[in-house]
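Subject: Structure handover

Hello,

Here is the structure I promised to pass on. Please have it open while you read; my notes follow below.

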Amino acid sequence: MPPRDSIHYIVKQAIINDGWKITDDPYVISYGERFLFIDLAATISSTFNQAQGSFLGATKENQRIAIEIKDFRGQSVIADLEQALGQYILYQLLLSRIEPERELYLAITDTIYNNIFNEPIGQLVITEMPLKLIIINLQTVKVIQWIPARPIEK
């Protein structure tokens with residue numbers, strides 16, 4: 001199993017604080033003779049209390065997500081972005097085959113979001129891939145944004 005990112009436990013707690021139940025840490029994908037490890041898997045029930053100001057809004061019962069965590073601590077933020085996108089694409093392909101109803105998200109800090117994903121190159125990646133992000137504030141241990149925004153059911 002690969003080493004965990006330095007922000008793993010903070011992201012995990014922020015996801016829990018946002019009303020999700022962690023189901024796997026890590027979430028293991030077996031495909032052919034290979035095993036891959038997505039950092040977390042989580043589920044949420046429609047019984048979640050929406051009055052807490054969560055970005056989730058109303059959700060489908062038993063909605064499931066997988067979360068790859070990246071802290072972008074290498075020497076080059078572009079190299080880190082390339083590596084993160086490669087993992088994201090591979091995991092998305094595998095999930096589409098083995099568990100297509102599970103949504104994949106890349107969890108990053110608000111600092112990384114502001115430093116790269118707010119720039120034109122980051123916006124291009126978000127809109128053209130499309131890339132789903134969970135933005136975490138490390139100091140408050142909270143999810144501050146879901147990209148794309150989680151839809152509200154009526």
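Start with Glu-99. At 8% relative accessibility it is buried, since the cut-off for that class is under 20%. Keep in mind throughout that this is a predicted model.

Glu-99 has a charged partner. Its side chain forms a salt bridge with that of Arg-64, 2.7 Å from N to O. Glu-99 sits in the loop between helix H2 (77-98) and E6, while Arg-64 belongs to strand E5 (residues 63-69), so the bridge ties together parts 35 residues apart in sequence. Arg-64 is partly exposed, with a relative accessible area of 27%. The pair is not isolated: a network of salt bridges links Arg-64, Glu-99, Glu-101 and Arg-102.

**Other salt bridges**

The count comes to 8 salt bridges. Two more deserve a look, and Asp-25 takes part in each of them.

Asp-25 meets the side chain of Arg-4 at 2.9 Å, N to O. This links distant parts of the chain: Asp-25 is in the loop between strand E1 (21-24) and strand E2 (27-31), Arg-4 is in the segment before helix H1 (8-17), and 21 residues separate them. Arg-4 is partly exposed, at 32% relative accessible area.

Lys-12 also bridges to Asp-25, with the closest N and O atoms 2.9 Å apart. Here Lys-12 comes from helix H1 and Asp-25 from the loop between E1 and E2, so the contact joins parts that are 13 residues apart in sequence. Asp-25 is partly exposed, at 22% relative accessibility. Lys-12 is partly exposed too, at 22%.

**Overall layout**

The protein has 4 helices and 8 strands. From the N terminus the elements run α-β-β-β-β-β-α-β-α-α-β-β. There are 154 residues, and 46% of them count as buried. The protein exposes about 8500 Å², with carbon and sulfur atoms supplying 53% of that. Take the contacts between residues at least 6 apart in sequence: 60% join residues at least 24 apart.

**The sheet**

How are the strands of the open sheet ordered? The sheet has 6 strands, in the order E1-E4-E5-E6-E7-E8, and the pairing is mixed. E1 and E8 are the edges; each has a single partner strand, so one side of each is left without a neighbour in the sheet. Neighbouring strands are turned by 35° against each other on average, direction ignored.

E5 and E6 pair in the parallel sense over 5 bridges. Within that pairing, Ile-65 has Glu-103 in E6 as its bridge partner. Two helices can be placed against the sheet. H1 packs on it and touches E1, strand E4 (40-44), E5, E6, E7 and E8; its direction makes about 105° with that of E7. H2 also packs on the sheet, touching E5 and E6, and its direction makes about 160° with that of E6.

**Strand E7**

Is E7 (residues 133-137) mostly covered or mostly exposed? It is mostly covered: 5 of its 5 residues are buried. Leu-133, Ile-135 and Asn-137 point one way, Ile-134 and Ile-136 the other way, and all are buried. This fits the general pattern: in a regular strand the side chains alternate between the two faces of the sheet.

The pairing of E7 is as follows. With strand E6 (residues 103-109) it pairs in the parallel sense over 4 bridges. One contact to check there is Thr-109, whose bridge partner in E7 is Ile-136. With strand E8 (residues 142-147) the pairing is antiparallel, over 5 bridges. Leu-133 stands opposite Ile-147 in E8. The hairpin of E7 and E8 has 4 residues between the strands, and Val-141 takes a positive phi near 55° in it.

**Helix H3**

Last, helix H3 (residues 110-117). Its buried residues are Asp-110, Ile-112, Tyr-113, Ile-116 and Phe-117. Seen down the helix axis they fall within an arc of 155°, so they line one face of H3. What covers them includes H2, E6, helix H4 (120-128), E7 and E8.

Over to you.

Best wishes

Technical notes: Residues numbered from 1 in each chain as written. Predicted model: local features only at pLDDT ≥ 70, side-chain atom pairs only at ≥ 80, totals over all residues. Heavy atoms only, no water. Buried < 20%, exposed > 50% of the residue type's maximum accessible area, 1.4 Å probe, protein only. Pairing = 2+ DSSP bridges. Salt bridge = Lys/Arg side-chain N within 4 Å of Asp/Glu carboxyl O. Arc of directions from axis to C-beta. Contact = heavy atoms within 4.5 Å. Areas by Shrake-Rupley, 256 points an atom, 1.4 Å probe, with all protein chains shown as cover. Axes fitted to C-alpha atoms, helices over the stretch in contact; angles between N-to-C directions.
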